[in-house]
Amino acid sequence: MEATIAKEQNLTASKKSIRRIALLRDTKDDRPFIPSKDGIDTQSNLNSDLLFDVLGSLGLNAAPFETKRMLIDHSLLAARNKIAHGEFLALDREGYEELHAEVILAIETIRNLIVDAVGNQLYRKSSTSTG
């Protein structure tokens with residue numbers, strides 16, 4: 001299995017995990033071992049591409065975040081990086097409150113996606129994937 005995945009180029013770590021799980025699901029074994037020692041790696045800076053990668057690796061729909069790329073990458077990540085590197089960042093109350101509300105909404109959206117996935121048992125192996 002690892003040799004098959006190694007041959008596929010330009011796969012992120014999460015996409016390799018997705019591919020590994022797909023290959024495991026194609027086996028006849030109903031209880032495959034899924035390696036998870038690395039967990040989810042945000043590479044210390046969760047930008048929109050990494051968010052989409054993480055959501056995809058969890059089988060969650062990233063569509064609610066399509067329109068939030070600029071917010072994530074520029075408003076949130078750029079501000080985080082400036083603060084983390086000791087640069088001056090001018091904030092006004094209105095801008096902060098707007099960003100805060102957007103972040104809380106994003107967290108609630110992710111929570112709802114996870115709760116829905118669990119409630120609908122989307123993590124379970126589909127009977128149609130057993131070939």
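**Exercise 1. Work out how enclosed helix α3 is in this predicted model, and which of its residues are buried.**

Step 1. Start with the count: of the 10 residues in helix α3 (residues 48-57), 7 are buried, so the rest of the structure largely encloses this helix.

Step 2. Now put names to them. The buried residues of α3 are Ser-48, Leu-50, Leu-51, Phe-52, Asp-53, Val-54 and Leu-55.

Step 3. Have a look at what sits at either end. At the N-terminal end, Asn-47 acts as the cap, with a side-chain oxygen 3.1 Å from the backbone nitrogen of Asp-49. After α3 comes Gly-59, and its phi is positive, near 75°.

**Exercise 2. Decide whether Ser-48 is buried or exposed, and find which side chain it makes a polar contact with.**

Step 1. Place the residue: Ser-48 belongs to helix α3.

Step 2. Check its accessibility. The relative accessible area of Ser-48 is 1%, and the cut-off for buried is under 20%, so Ser-48 counts as buried.

Step 3. Go after the polar partner. The side chain of Ser-48 makes a polar contact, at 3.3 Å, with the side chain of Arg-69.

Step 4. Widen the search to contacts in general, skipping neighbours within four places in sequence. Ser-48 then touches Arg-69, Ile-72 and Asp-73.

**Exercise 3. List the residues of the largest nonpolar core, and say which element supplies the largest share of it.**

Step 1. Collect the members. This core holds 9 residues in all: Leu-51, Phe-52, Leu-55, Leu-60, Ala-62, Phe-65, Ile-72, Leu-113 and Ala-117.

Step 2. Sort them by element. At least two residues of the core come from each of α3 and α5, and the largest share, 3 residues, is that of α3.

Step 3. Zoom in on one member, Phe-65. With neighbours within four places in sequence left aside, Phe-65 is in contact with Leu-51, Phe-52, Leu-55, Ala-106, Thr-109, Ile-110 and Leu-113.

**Exercise 4. Describe the second largest pocket: what is its volume, and which residues lie nearest its centre?**

Step 1. Get the volume, which is about 290 Å³.

Step 2. Turn to the lining. The pocket is lined by 15 residues, and those nearest its centre are Leu-51, Phe-65, Ile-72, Leu-76 and Ala-106.

Step 3. Trace the lining back to its elements. Two or more lining residues come from each of α4 (69-84) and α5 (93-119). The largest share, 7 residues, belongs to α5.

Step 4. Check the chemistry: the lining of the second largest pocket splits into 12 nonpolar, 1 polar and 2 charged residues.

**Exercise 5. Find out how accessible Gly-95 is, and how far its C-alpha atom is from that of Ser-75.**

Step 1. Locate it: Gly-95 is in helix α5.

Step 2. Classify it. Gly-95 has 34% relative accessibility, and partly exposed covers the range between 20% and 50%, so that is the label for Gly-95.

Step 3. Take the distance. Gly-95 and Ser-75 are 20 residues apart along the chain, and their C-alpha atoms are separated by 9.6 Å.

**Exercise 6. Sum up the protein chain: how many helices and strands are there, and what percentage of its residues is buried?**

Step 1. Count the elements. The protein chain has 5 helices and 0 strands, giving the pattern α-α-α-α-α along the sequence.

Step 2. Look at burial across the chain: 18% of the 131 residues are buried.

Step 3. Finish with contact range. Among contacts with a separation of 6 or more, 54% are between residues 24 or more positions apart.

Key:
Residues are numbered from 1 along each chain as its sequence is written. This is a predicted model: local features need pLDDT of at least 70, side-chain atom pairs count only at pLDDT 80 or more; totals for chains, interfaces and linings use all residues. Side-chain values use heavy atoms; hydrogens and water are left out. Buried means under 20% relative accessible area, exposed over 50%, partly exposed in between (1.4 Å probe, protein chains only). Helices (H or I, at least four residues) and strands (E, at least two) are DSSP runs, numbered from the N terminus. A polar contact is a pair of N or O atoms within 3.5 Å; within protein, one must be able to donate a hydrogen and the other to accept it, and residues adjacent in sequence count only if both atoms are side-chain atoms. On a 1 Å grid over the protein atoms alone, a cavity is a set of points where a 1.4 Å probe fits but cannot get out, and a pocket is an open set with protein on both sides within 12 Å along at least five of seven lines; lining residues have an atom within 4 Å of a point. Grid points are joined across faces, edges and corners, and a volume is the space filled by probe spheres set on the points. Ala, Val, Leu, Ile, Met, Phe, Trp, Tyr, Cys and Pro count as nonpolar, Asp, Glu, Lys and Arg as charged, and the others, Gly among them, as polar. Contact means heavy atoms within 4.5 Å. A nonpolar core is a set of buried Ala, Val, Leu, Ile, Met, Phe, Trp, Tyr and Cys residues joined through side-chain atoms within 4.5 Å.
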